[in-house]
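Do you have your viewer ready? Here is a walk through one structure, stop by stop, with something to select at each.

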Amino acid sequence: MEIQPVAIFHSPFASKFGIPKQSGIIEELKGEIVFEPQYRNPDAIRGIEGFEYLWLIWQFSANKHAANSLMVRPPRLGGNEKVGVFASRSPFRPNGLGLSSVRIDYVEWESHRGPVIHVLGADLMDGTPIYDIKPYVTYADSHAEAQSGFVDERKWCKLKVVLSDNTKARLLTQKGWTGETIAQLQEVLAEDPRPQYQKDPQKVYGMPFAGLDIHFRVIDDVVEVL
């Protein structure tokens, strides 16, 4: 079977670095689903406004090399312990397909790009091809009491994010950001975007976000935006 994208995703992330490790972690993170020309017909999504969440099936398009191992190192296990690729949500998979649940913010029915679905909480990079979209239905998709393997066993602790007043002022007045965008950046950094095996407090990381290159470092459990 040959498949082609039905849509392209747009988000603040111009690279893989910093993207939330699962959908829904940063609930207010904004994104857009823009359909390919042949699907820019309102009939293709008629009735979607009655749903609150969607499933997106998409491609790990930024992974330039094919998966070469059946064992992977999940971030939840510190990036050092291995599990089977099919017992994980690693992006390095035989077929390179991702699955994400996103919340519908609103549908822009008429635009020069056709109907656009605005969503919240996605974990997709800007430019990611989407191969299918399906509505989330609670009677079939929700299993509130299900066990989650090693994810249940390892507590994920958020970091404290420090932005100086000067940095905030520069983002607001010189870079044209809003308070909402700053809040989204803080949420992203609080989830610790570093590779989990890197703990050097002197290392400065760079992360493209919303058109800017954000530099930061992490000391203990504090992220300092430089």
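The tour below moves from the interior to the strands, then to the charged pairs and the surface. Keep in mind that this is a predicted model.

**Stop 1: the core around Leu189 and Phe209**

Start by selecting Leu189 and Phe209. In the largest nonpolar core, which has 23 residues, these two touch the most other members. Now colour the elements that supply two or more residues to this core: helix H4 (179–190), strand S10 (205–209), strand S11 (212–219) and strand S12 (222–225). Helix H4 gives the most, with 5 residues.

Keep Phe209 selected and show its surroundings. Leaving out residues up to four places away in sequence, Phe209 touches Pro12, Phe13, Leu29, Trp177, Thr181, Gln184, Leu185, Val188 and Ile214. A separate core of 20 residues lies apart from this one; to find it, select Val6, Leu56, Leu124 and Ile130, which are among its members.

**Stop 2: strand S10 and its hairpin**

Next, display the side chains of S10. Which residues lie on its covered face, and which on its uncovered one? Tyr205, Met207 and Phe209 make up the covered face, while Gly206 and Pro208 are on the uncovered face. This fits a general pattern: in a regular strand, side chains alternate between the two faces of the sheet.

Add S11 to the selection. S10 and S11 run antiparallel and are joined by 5 bridges. To see one pairing, pick Tyr205, whose bridge partner in S11 is Phe216. The two strands form a hairpin with 2 residues between them. Click on Ala210 in the turn, where phi is positive, at about 50°.

**Stop 3: Val223 in strand S12**

Move on to Val223, which is in strand S12. Is Val223 buried or exposed? With a relative accessibility of 1%, Val223 counts as buried. Try drawing a distance from its C-alpha atom to that of Leu159: the two are separated by 6.6 Å, although they are 64 residues apart along the chain. Beyond the neighbours within four places in sequence, Val223 is in contact with Leu159, Lys160, Val161, Val162, Leu189, Phe216, Arg217 and Val218. Two names here should be familiar: Leu189 from the core and Phe216 from the hairpin pairing.

**Stop 4: strand S8 and its partners**

Now select strand S8 (residues 129–135). S1 is joined to S8 by 2 bridges, and the two run antiparallel. Within S8, Pro129 stands opposite Ile8. Strand S3 (residues 53–59) is also antiparallel to S8, with 5 bridges between them. Here Leu56 stands opposite Ile133 of S8. Leu56 also belongs to the 20-residue core from the first stop.

**Stop 5: salt bridges**

Turn to the charged side chains. How many salt bridges does the structure hold? There are 9, and these are some to visit.

- Select Glu28 and Arg103, whose side chains meet in a salt bridge at 3.1 Å, N to O. Glu28 lies in the loop between strand S1 (7–10) and strand S2 (30–35) and Arg103 in strand S6, so the pair ties together parts that are 75 residues apart in sequence. Both residues are partly exposed: Glu28 has a relative accessible area of 45%, and Arg103 has one of 23%.
- Select Lys158 and Glu191, which form a salt bridge with their closest N and O atoms 3.6 Å apart. Lys158 is in the loop between helix H2 (150–153) and strand S9 (160–162) and Glu191 in the loop between H4 and S10, so this pair ties together parts that are 33 residues apart in sequence. Lys158 is partly exposed at 46%, whereas Glu191 counts as buried at 9%. Add Glu187 to the selection to see a network of salt bridges linking it with Lys158 and Glu191.
- Select Glu224 and Arg217, another salt bridge, with the closest N and O atoms 3.1 Å apart. Glu224 counts as partly exposed at 31% relative accessibility, as does Arg217 at 26%.

**Stop 6: a nonpolar patch on the surface**

For the last stop, switch on the surface and select Met1, Ile3 and Leu97. These residues make a nonpolar surface patch of about 370 Å². Leu97 is found in strand S6 (residues 97–108) and is partly exposed, with a relative accessible area of 37%.

Technical notes:
Residues are numbered from 1 along each chain as its sequence is written. This is a predicted model: local features need pLDDT of at least 70, side-chain atom pairs count only at pLDDT 80 or more; totals for chains, interfaces and linings use all residues. Side-chain values use heavy atoms; hydrogens and water are left out. A nonpolar core is a set of buried Ala, Val, Leu, Ile, Met, Phe, Trp, Tyr and Cys residues joined through side-chain atoms within 4.5 Å. Buried means under 20% relative accessible area, exposed over 50%, partly exposed in between (1.4 Å probe, protein chains only). Helices (H or I, at least four residues) and strands (E, at least two) are DSSP runs, numbered from the N terminus. Contact means heavy atoms within 4.5 Å. Patches are made of residues with over 30% relative accessible area and no salt bridge: like charges are joined within 9 Å, nonpolar side chains (Val, Leu, Ile, Met, Phe, Trp, Tyr) within 5 Å. Accessible areas come from the Shrake-Rupley method with a 1.4 Å probe; for residues, only the protein chains shown count as cover. A salt bridge is a side-chain nitrogen of Lys or Arg within 4 Å of a carboxyl oxygen of Asp or Glu. Two strands pair if DSSP finds at least two bridges between them.
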